[in-house]
Structures are given as C-alpha cells and as structure tokens.
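What follows is a walk through one protein chain, from the confidence of the model to the way its parts are put together. Please keep the sequence and the structure in view while reading.

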Amino acid sequence: MEALAIDGGEVEQVQLDGQVLLKIIKHSTSEETGLPAQGVLLGLMKGGGSGVLEITNCFPFPRVTDNADFDETNYQMDMMRHLRNVNIDHLHVGWYQTTYYSSFFNKSFLESQFCYQSSIGEAVVLVYDPTRTNQNEIAIRAFRLSNKVMECYKSGDISLPNCMENNITFETMFPEVPVIIRNSHLAQCLLSELAGQSSQRSSKDFLGLGTSRVLENDVRFLMDSIDTLNQESAKYVVYNRSVARLNNQKMQALAKRQIENRERLQKGERPVPEDDIVRQFQQPPLPPRLDAMVTACQINNYVEQIKDYATQNYAKLFLAESVHRSTSGTE
C-alpha cells in the first residue's frame, strides 16, 4: 500500500460506478449474518482540482480463519498487480465495509481509516447498510477523517484541551462525502428498456409503517450507546474529583511546609525547599477522550436515522388520515 500512495487532495464528491455497488451488495449477501463484509476500492482522482474521486472497481477481503501464513497486504498487492496486467484500474483509493443498522462508528473503524488515509491522501471508506436498503433506499455513504483529527491522532494527543484548541467535535470527526452513482450510457439504455417492458405492478403498501422494526432496533442501540457514553463521562468525573482531592492535599502540605520554614527562619536555620511536595503531588494524566467522541458520533448517527424514519412515518400517518377522511366523506 505504501508503494501505491499518491498525492492526496480534498475529496468533495465520490463518483461510484454502478458495477462496484452491485459487487458490494453481492459481497454483503454472501457473508454470514452479522459479519461485516470488507474489501478494497480501486479508482483514481479526477484531475484539474475537481475534487471528484472516481471508484471504478473493487475486490473483497478473503475471510481466512485457519491459515496462519496468509498475508493480507501481499494479497492486496497481488490482486492490484493482476488487475494492472489486464489494463484495469488498479490504484488503491480506500476500502468498503458493510454494517447493520448503521452501527459502524467505533475505534477500529477510526484506526483503519487512519491507516488508509495516512498512506493514500484521498482514501475514503464506503459504508453499505443492507437493513436500510431493504427500506426502499440505497444506503451507501462515504466518510473520511478530518485533517485536524488526522494530525491529533498521529501525535497521539486526543485530550480534551487539544480537541477544544483544534475545534474537534463528534460532528467534525468523520465528514461525510456526497456519493453519486454513475452508470454507462449502455447500462442506462438497458435499464430504461427493462423498465418499459416490465408489466408487473408494484404491490408495495406505501402507507405501511414497515420501518417500525428498524426504529425499535435503532432506539435499542441508541440506549446502549448512551450507557457507554455515560460510563466514559463517569471516568472524567472521577478524574476531576481525583484532581480536586490531590490539589487540596497539595495545598495543605504546602501550607504546613511554609509554617515550618517560618519557624526555621526564626531559629536562624535555612528553609526547606518545596520542590519535593510539588513532585509528590503530580496530577494524573487526562483520560482519553477518543472513545467518548467515537461513541458520540455513533449516537448522532442513530439520532439522525431515527429522525429520518420518524419523519417518513409521520408523513404516512397524516396522508392515511387525510385519505380516511375523504373516503368517509364520500360515503
């Protein structure tokens, strides 16, 4: 991956080939239920400073459980080398992952994207959610790590003061990049022809509240994430109490030392320095805020998803009520 690192730029839009999306969907259906499907994204960055990243191909990571000699990096390099030999886009531009109920923001997700983005400047991660796709929408999203998060994570300092200084919040950690699905002209002509030949009418109940199960799971996962965030907040509260107790003991020890020094000066003796007290009462390090911020990102993701589904259900309820009133009036 280091050998294929190319100069990065700001990615303002992801142009995803329809064939790549079908490969990701097929990979997600072939995996066991509950296990995420992951793979490599291939493509190139458009020139001219357009900020458009084209993703034209992909291939999955093999799920190896019993082969200790398997090297994932060598596997990726061999695959890209074979694609280059047959004149197919082989430049590494990121990775993809499937998720269920949009539960993907975690520390492992951040570390993986950091590794990719450190080696490939314009690397993105595509997240595909089959559960949301079943609700009549293609749930494919693209994310990157912000430049400030990259700098802080590289330095290893993601403490609260550093985050406040760099204006890093859970809303700015993973900026989302718009995704546009692009098909060739021949594919669009084929889809139009197939749509015209289709005589089967959709029997879908568009006023049905089919998202109730998804909403129930989202609320349950949201409660779990809030409990996790409360545990992280409790660690910070314990830290503040420890610091306050330590400062109180330090002030008492310094006051006692000052009284002793005044007595020694009255006796004509040299005062005892206070450096040992300062060294004795060193403040503990700040607790890491990375886990709390990632959990807050996941909570925000759940809230946005619940808001979208709730808005759709409210619209269906009002529409159904209007239809019912008009039907009752005609009778």
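The model is predicted, and confidence varies along the chain. Among the elements, strand β5, residues 124–128, has the highest mean pLDDT, 94, while helix α6, residues 160–165, has the lowest, 78. The average for the protein chain is 81, and 89% of the residues score at least 70. One stretch to read with care is residues 1–8, where pLDDT stays under 50; for these residues the model has 16 contacts beyond four places in sequence.

The protein chain holds 10 helices and 8 strands. Of its 331 residues, 35% are buried. Among contacts with a separation of 6 or more, 76% join residues 24 or more positions apart.

A sheet is a good place to begin with the fold. It is open, has 8 strands and shows mixed pairing. Read across, the order of the strands is β7-β6-β5-β4-β2-β3-β1-β8. At the edges are β7 (176–177) and β8 (179–182), each of which pairs on one side only. The partner of β7 is strand β6, residues 140–143, and the two pair in the antiparallel sense over 2 bridges. In one of these bridges, F143 is matched with E176 of β7.

Next come the helices that meet the strands. Helix α1, residues 18–30, packs on the sheet. The strands that α1 touches are β1 (13–17), β2 (38–45), β3 (52–60), β4 (92–98), β5, β6 and β8. The direction of α1 makes about 35° with that of β3. Helix α2, residues 72–85, lies across β2, β3 and β4, and runs at about 110° to β3.

Two further helices can be followed as a pair. The axes of helix α3 (residues 107–119) and helix α5 (residues 147–155) come within 11 Å and cross at roughly 100°. Angles of 65 to 115 degrees count as roughly perpendicular, and α3 and α5 are therefore roughly perpendicular to each other. On the α3 side, the contact is made by L110, E111, F114, Q117 and S118; on the α5 side, by M150, Y153 and K154. What kinds of residues make up the contact of α3 with α5? They divide into 4 nonpolar, 2 polar and 2 charged.

Terms used: Residues are numbered from 1 along each chain as its sequence is written. This is a predicted model: local features need pLDDT of at least 70, side-chain atom pairs count only at pLDDT 80 or more; totals for chains, interfaces and linings use all residues. Side-chain values use heavy atoms; hydrogens and water are left out. pLDDT is the predictor's confidence in each residue, from 0 to 100. Helices (H or I, at least four residues) and strands (E, at least two) are DSSP runs, numbered from the N terminus. Contact means heavy atoms within 4.5 Å. Two strands pair if DSSP finds at least two bridges between them. Axes are lines fitted to C-alpha atoms, for helices over the stretch in contact, and angles run from 0 to 180 degrees between N-to-C directions. Angles under 35 degrees count as roughly parallel, over 145 as roughly antiparallel, 65 to 115 as roughly perpendicular and the rest as oblique. Ala, Val, Leu, Ile, Met, Phe, Trp, Tyr, Cys and Pro count as nonpolar, Asp, Glu, Lys and Arg as charged, and the others, Gly among them, as polar. Buried means under 20% relative accessible area, exposed over 50%, partly exposed in between (1.4 Å probe, protein chains only).
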